[in-house]
Amino acid sequence: MRLVFLIISLVFVHSSSMHGQIDLRLKADTNHIRIGEEIGVQLIVIDNQQENTEITWPFAMDTLSKSIEIIELMPIDTQSFDEETVFLQQWYITSFDTGYQEVPAFEVIINGEARETEPFLIQVETVKIDTSQAIKVIK
């Protein structure tokens, strides 16, 4: 009987803690590119509070780090549903340095509280060249 009560209590606590929660997520199209190819990175804030949430988005001019360049930064898109509001900002980034490159954490300030995403690695490969073939003129 105690076990059943404990399980019911945990389910109730978990479901009640989900209400009013603000979730920060980072989603990348891929983690493997050829040199100079772009990656779409989505910075997502999911607001289950349904009230005036103040969000300060990260700001960057043209680079995220020494080896990660910003190609384009899209405006923030807002979508409202019955129980949540989703804020999404799309970043397009690239790298011209081969090997594993770290995309640093994004810091977002939500209602005065600084929150960070996890940094992640992308693998940047060179373009394979067949050196046994003759050099051709680019038209």
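## Fold, surface and two residues of a predicted model

The protein contains one helix and eleven strands, and the coordinates discussed here belong to a predicted model. Read from the N terminus, the order of elements is α-β-β-β-β-β-β-β-β-β-β-β. Of the contacts between residues at least 6 apart in sequence, 62% join residues at least 24 apart. Buried residues account for 29% of the 139 residues, while the exposed area of the protein comes to about 10100 Å², with 55% of it supplied by carbon and sulfur atoms.

Two residues can be followed in more detail, and their settings and accessibilities are set out below.

| Residue | Location | Relative accessibility |
|---|---|---|
| Gln90 | strand S7 (residues 85-94) | 11%, buried |
| Asn111 | loop between strand S9 (107-110) and strand S10 (113-116) | 40%, partly exposed |

Gln90 counts as buried because its relative accessibility of 11% falls under the 20% cut-off. Leaving aside residues up to four places away in sequence, Gln90 touches Gly40, Val41 and Gln42 as well as Glu72, Leu73 and Met74. With one of these residues, Gln42, the side chain of Gln90 also forms a polar contact of 3.2 Å between the two side chains.

Asn111 sits in the loop that runs between strand S9 and strand S10, and its relative accessible area of 40% places it in the partly exposed class, because that value lies between the limits of 20% and 50%. What is the sign of phi at Asn111? The angle is near 50 degrees, a positive value in a residue other than glycine. Most residues other than glycine have a negative phi.

Key: Residues are numbered from 1 along each chain as its sequence is written. This is a predicted model: local features need pLDDT of at least 70, side-chain atom pairs count only at pLDDT 80 or more; totals for chains, interfaces and linings use all residues. Side-chain values use heavy atoms; hydrogens and water are left out. Helices (H or I, at least four residues) and strands (E, at least two) are DSSP runs, numbered from the N terminus. Buried means under 20% relative accessible area, exposed over 50%, partly exposed in between (1.4 Å probe, protein chains only). Contact means heavy atoms within 4.5 Å. Accessible areas come from the Shrake-Rupley method with a 1.4 Å probe; for residues, only the protein chains shown count as cover. A polar contact is a pair of N or O atoms within 3.5 Å; within protein, one must be able to donate a hydrogen and the other to accept it, and residues adjacent in sequence count only if both atoms are side-chain atoms.
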